[in-house]
Structure formats: C-alpha cells, structure tokens
Amino acid sequence: MSGLRYVYAVCRPFGTPLSAQLTGVAGVPPKQLTHHGLVAVVGHVPEEDFAERPLRAHLEDLDWLSATARAHQNVIDALTVVTSPLPLRLATVFLDDSGVRTMIERREETFLRTLDRLDGRVEWGVKVYVESPEPAESTESAGNSEARPASASVKPVSGRDYLRQRRGQRRAHEDKWEQAEEFSRRLHETLSGYAEDTRIHAPQNPALSHASGRNVLNAAYLVPRSESEAFVELVDRTKDDSPGLRVELTGPWAAYSFSGEDS
C-alpha cells in the first residue's frame with residue numbers, strides 16, 4: 001500500500017492481536033512493523049493530507065485536528081489493553097517503512113530504557129476543582145421586586161456596610177482556596193505512595209477544558225497495573241471528604257506524562 005507512514009507508538013512485541021475492526025487515522029487499520037526487537041505501530045496515510053505542507057495547514061483546522069486526535073487515541077487505547085506502549089507525538093509521519101526503521105535505530109537505547117520503566121504500568125490522572133458558587137442576587141430583595149408594592153422603600157446599604165460585606169466575601173474566598181490547596185496537597189501525598197512516579201501539570205484553563213470550577217490540582221500518576229484497583233478505590237474514598245471540592249479521576253492511559261517523548 002502506498003502512502004506515508006503514521007507512527008502511533010513504539011512497544012515491545014506483544015502476543016495478543018489488536019481487534020480486526022480497529023481503525024486509526026485516515027480510517028486505516030494499524031499494523032506492526034518489527035525492527036531490532038521493537039515494534040512500531042504504524043498506519044498508511046495519504047500524502048495529500050500528511051505531507052509537510054498540507055499537514056501544517058491541517059494542524060490549524062480544529063475540526064480536522066480533533067478527529068485525527070480521536071483516531072490516534074483509539075489506537076493508543078487499544079494498545080494499552082494488551083501492552084505498555086510508548087506513545088509518540090500526534091502526527092509523527094515518515095516517508096516509508098525505511099524511515100520508521102531508521103528512527104528506531106537512532107533512538108533504540110532511549111526506547112528500550114523507557115519501555116523498561118513503563119512495562120506493566122499505566123497512567124492515572126487526578127484533578128481537583130473548587131466548585132463555582134451559585135450566582136448570588138445583588139441584594140436580598142432583588143428576587144422579590146415584583147411582589148413588593150411599588151411604594152415600598154428599601155433601606156440603602158451604607159458604604160461602611162458594603163465594604164464590610166466585601167471584606168467578608170474576600171476572606172471567605174481566600175479561606176476556601178487555602179482549604180482546597182491543603183486538601184490537594186494531602187491527596188497528592190497520599191496518592192504518590194501508590195505511584196512509582198508523578199507529574200504535576202499546570203492547572204487547566206476552563207475556557208479550553210470547559211470544566212466547571214477552578215482547577216487546583218492537575219496531576220498524573222504512574223501506577224503498576226497490580227496497584228491500580230487500590231489506587232482507584234483510594235481516590236473514590238476522598239471524593240466526599242471536602243464539600244465544595246470536586247475530584248475527577250481519568251484513566252487508565254498509556255503513560256504519556258512519563259514517556260519523555262517530545263519529538
């Protein structure tokens with residue numbers, strides 16, 4: 001089959017076959033390319049989409065990028081069920097099989113070292129959010145304005161009272177944020193005891209993630225598969241420990257945060 005070679009991941013040989021119905025980027029089933037005792041999981045993709053110039057343009061197209069990322073992740077998820085893959089960056093493309101083999105040879109020692117570290121392990125993600133408060137009415141009587149006679153008067157709030165209310169609101173907000181940070185710190189310390197490695201990522205931007213609340217903790221944990229059930233149970237037990245906070249668990253994933261892949 002002609003076309004460029006799209007590389008999803010590198011892994012050690014695995015015996016369990018991938019589903020025959022699995023398709024990847026461009027709707028093409030992935031295949032295994034074995035070289036020097038390593039397996040590159042690849043797919044054939046068309047030059048009109050994945051050659052350097054059209055690919056650069058496609059990466060500015062959010063719809064195309066989203067669909068490609070989903071197809072890429074479908075293959076990585078399938079690999080994670082049967083082995084511990086080392087996922088490569090989205091849209092890693094070579095001219096042909098020879099280019100993939102050359103890449104394996106050039107990075108063989110790094111691949112082997114990283115695969116040894118990831119073998120039998122998966123990544124779990126844990127996020128903590130401070131729940132957004134319900135919008136408050138500007139005054140207690142605002143919601144009852146229709147029921148109040150037009151002639152009824154409302155006692156104005158003095159400047160001193162207003163400032164006192166604002167200081168109280170600010171202190172309450174600061175106290176809530178400190179409690180959230182302390183909860184997150186303790187949770188991270190506890191979960192780290194079940195993990196072989198951890199990564200603290202920058203808080204998510206709500207405009208991009210569309211998640212409600214303010215992200216306090218955004219962490220990844222490299223956990224042996226044998227410890228994953230205990231890890232999940234531990235996270236579940238913490239979810240009701242602090243009112244006003246939301247704990248989210250995602251995974252198991254291929255160990256993106258611990259792969260060391262930047263190219």
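Mentor: Two strands pair if DSSP finds at least two bridges between them, and the strands themselves are DSSP runs (E, at least two residues; helices are H or I, at least four), numbered from the N terminus. This is a predicted model, in which local features need pLDDT of at least 70, side-chain atom pairs count only at pLDDT 80 or more, and totals for chains, interfaces and linings use all residues. Residues are numbered from 1 along each chain as its sequence is written, and side-chain values use heavy atoms, with hydrogens and water left out.

Trainee: OK, so how many bridges join β6 to β9?

Mentor: Strand β6, residues 121–130, is joined to β9 by 7 bridges, and the two run antiparallel; one of the contacts to look at is Tyr129, whose bridge partner in β9 is Arg246.

Trainee: And in what order do the strands of that sheet come?

Mentor: The open sheet has 4 strands in the order β7-β8-β6-β9, with antiparallel pairing. Because β7 (197–200) and β9 (245–253) stand at the edges with a single partner strand each, one side of each is left without a neighbour in the sheet.

Trainee: Switching topic, how many aromatic pairs are there?

Mentor: The structure holds 5, where rings of Phe, Tyr and Trp (its six-membered ring) pair if their centres lie within 6.5 Å, and planes under 30 degrees apart are stacked, over 60 edge-to-face and the rest tilted. Tyr221 and Phe231 make a tilted pair, 5.5 Å centre to centre with 50° between the planes.

Trainee: Where do those two sit, Tyr221 and Phe231?

Mentor: Tyr221 belongs to strand β8 and Phe231 to helix α8 (residues 228–238), 10 residues apart, so the pair links distant parts of the chain.

Trainee: Are Tyr221 and Phe231 buried or exposed?

Mentor: Both Tyr221 and Phe231 are buried, meaning under 20% relative accessible area (exposed is over 50%, partly exposed in between, with a 1.4 Å probe and protein chains only). Elsewhere, Tyr6, Tyr8, Phe50 and Trp64 form one aromatic cluster.
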